[in-house]
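Me: I should like to understand how terms used for protein structures are justified. Please take me through some examples.

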Amino acid sequence: MAKDKVIISCAITGSIHTPSMSPHLPVTPAEIAESALGAAEAGAAIVHLHARNPEDGRPDQSPEAFEPFLKVIKQGSNVVVNLTTGGSPYMPVEERVKPAEVWKPEVASLNMGSMNFGLFPMLKRYKEFKHDWEEPMLRNSDDLVFRNSYKDIRYALETLNKSGARYEFECYDTSHLYNLHYFWQEGLVQAPLFIQTCFGLLGGIGSHPDDVMHMKRTADRLFGDNYRWSVLAAGVGQMRVAAMAASMGGHVRVGLEDSLWIGRGKLAETNAAQVSKVRQIIEGLGLEIATPDDAREILSLKGGDQVGF
């Protein structure tokens, strides 16, 4: 039965890692499309997509930047497409929701609360940068609040609900679960809620097993059977947290947005490599991975024929 299968989401490029950190980070539309199709082939049921400027790799949240790879992915795979409304923490919500508003995907991500977003510790590891925007973006995050006010969240929901998109609700701390509960009680979001609990980013909850259990217990208490649980962990915690969640009946997210690595000191050369590794963990636990159509059934999605691309 589909409901017992594990959905693998793969976050292809994100906006946090910069091109100087890994030669394998997809930047151009062709690279993003190829990497997404590779992840789908390896077993990802959902691909989570950001766009970048192909010249210097900086985050680009214009709908036009998404078009070239969206069409290639749709033509080449049945994979579920999930478009970011997170964009970059430096962007206002109106800019961040535009791609999902225009392209009407099956799933859009939605951050469920304002938070400190500390990327500056990466400067201890990376000293040389190819592009002039990379170092200041990391350094200035010591004074960065990723704004997701109630007004912002309401704006995103009211803008995107009419498209029939469902959401990957990104919850980086306990309060974000309570914020989501508020909007659910208000009737602005519908069950089943796809809750992505996010661990290990400076400014959010950590990635200790106790943190994972705490978020799961809180979500169970607030939402009961009305949600589907998934996890992502930044950096070193990626596979450990995924294994823990899968063994507890959860879904998992991997990808170069969340971690550039495949093992200690070894860069992942593709998103597919991370998908293959987490698939091995899931199947090693005696579990089965979900196909894209299984994911559509589990999450009550509108279907790949209902998108705007």
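Reply: The following exchange concerns a predicted model and sets its values against the definitions of the terms used.

Me: What makes helix α1 roughly parallel to helix α9?

Reply: The axes of α1 (residues 29-42) and α9 (residues 271-284) cross at roughly 20°. Angles under 35 degrees count as roughly parallel, and therefore α1 is described as roughly parallel to α9. The two axes come within 8 Å, and their crossing is right-handed.

Me: Which residues of α1 and α9 meet, and how is their contact made up by class?

Reply: From α1, Ser35, Gly38, Ala39 and Ala42 take part; from α9, Asn271, Ala272, Val275, Ser276 and Arg279 do so. By class, this contact has four nonpolar, four polar and one charged residues. Gly counts as polar, so Gly38 of α1 belongs with the polar residues.

Me: Why is Leu138 called buried?

Reply: Buried means under 20% relative accessible area. Leu138 has 0% relative accessibility, and therefore counts as buried. Leu138 lies in helix α4 (residues 134-139). Leaving aside neighbours within four places in sequence, Leu138 is in contact with Ile16, Met21, Leu119, Phe120, Met122, Leu123 and Phe129. Thr18 is 120 residues apart from Leu138 in sequence, yet their C-alpha atoms are 9.2 Å apart in space.

Me: How do you know that the span of helix α6 agrees with its number of residues?

Reply: The expected span is 1.5 Å times one less than the number of residues. For the 12 residues of α6 (residues 174-185) this gives 16 Å, and the end C-alpha atoms are 17 Å apart, so the two values agree. After α6 comes Gly187, with a positive phi near 85°.

Me: Which residues of α6 are buried, and what covers them?

Reply: Thr174, His176, Leu177, Asn179, Leu180, Phe183 and Trp184 are the buried residues of α6. Their cover includes the strands β5, β7 and β8 and the helices α5 and α7.

Me: Why is helix α8 described as largely enclosed by the rest of the structure?

Reply: Seven of the 10 residues of α8 (residues 238-247) are buried, and that is why α8 is described as largely enclosed. The buried residues are Gln238, Met239, Val241, Ala242, Met244, Ala245 and Ala246. They pack against the strands β8, β9, β10 and β11 and the helices α7 and α9. Just after α8, Gly249 has a positive phi of about 90°.

Technical notes. Residues numbered from 1 in each chain as written. Predicted model: local features only at pLDDT ≥ 70, side-chain atom pairs only at ≥ 80, totals over all residues. Heavy atoms only, no water. Axes fitted to C-alpha atoms, helices over the stretch in contact; angles between N-to-C directions. Helix = DSSP H or I, 4+ residues; strand = E, 2+ residues; numbered from the N terminus. Parallel < 35°, antiparallel > 145°, perpendicular 65-115°, else oblique. Left-handed = near helix turned anticlockwise from the far one by under 90°. Contact = heavy atoms within 4.5 Å. Buried < 20%, exposed > 50% of the residue type's maximum accessible area, 1.4 Å probe, protein only.
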